[in-house]
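Colleague: I'm new to this, so please take me slowly through one part of the model. I'd like a close look at the salt bridges and whatever sits around them.

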Amino acid sequence: MVALYKELHPKGLNIISVSLDTEAAKWKKALLKDGLTWYQVSNLKGWEDPVAKQFEVVETPTLFILNATGEIVGKDLRGEALKKKILELIPLSR
């Protein structure tokens, strides 16, 4: 994800990560270690996180792909399938 973000963020890719961690210090340390520079949020409620419940997240990582209007257009894609889907969604004008 880090390499994909670095490559495609200038073309319009944005990522928001919702963490299911429960300990702020460990969560922040992991963000630095993994080089995650996109938006990161957590209410430190673990599996009781309302976002995880709303979207029925049952395992981590779970990945949702949203289009420009916020509609979920893909889920749990990885590798080339993920990159292909993102490239379909990024406007060609960028």
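Modeller: Let's start with the term itself: a salt bridge is a side-chain nitrogen of Lys or Arg within 4 Å of a carboxyl oxygen of Asp or Glu. The background idea is that side chains of opposite charge can pair when their charged atoms come close. Keep in mind that this is a predicted model, where local features need pLDDT of at least 70, side-chain atom pairs count only at pLDDT 80 or more, and totals for chains, interfaces and linings use all residues. Residues are numbered from 1 along each chain as its sequence is written, and side-chain values use heavy atoms, with hydrogens and water left out.

By that rule there are 5 salt bridges. One of them joins K85 to E88, with the closest N and O atoms 3.4 Å apart. Both sit in helix α4, and because they are 3 residues apart, about one helical turn separates them. (Helices are DSSP runs of H or I with at least four residues, and strands are runs of E with at least two, numbered from the N terminus.) E88 is partly exposed, at 49% relative accessible area; that label covers what lies between buried (under 20%) and exposed (over 50%), using a 1.4 Å probe and protein chains only.

Now follow α4 to K83, whose side chain meets that of E7 in another salt bridge, 3.0 Å from N to O. This pair ties together distant parts of the chain: E7 belongs to helix α1 and K83 to helix α4, 76 residues apart. E7 is partly exposed too, at 40%.

Those two helices also turn up in the largest nonpolar core, which has 11 residues, including L4, Y5, L8, L13, L82, I86 and I90. A nonpolar core means buried Ala, Val, Leu, Ile, Met, Phe, Trp, Tyr and Cys residues joined through side-chain atoms within 4.5 Å. Helices α1 (2-8) and α4 (79-89) each supply at least two of its residues, and α1 gives the most, with 3. Look at L13: leaving aside residues up to four places away in sequence, L13 touches L4, Y5, L8, I86 and I90, where a contact means heavy atoms within 4.5 Å.

Finally, try finding K26 and E23, whose side chains form a salt bridge at 3.6 Å, N to O. K26 is exposed, at 55%, while E23 is partly exposed, at 41%.
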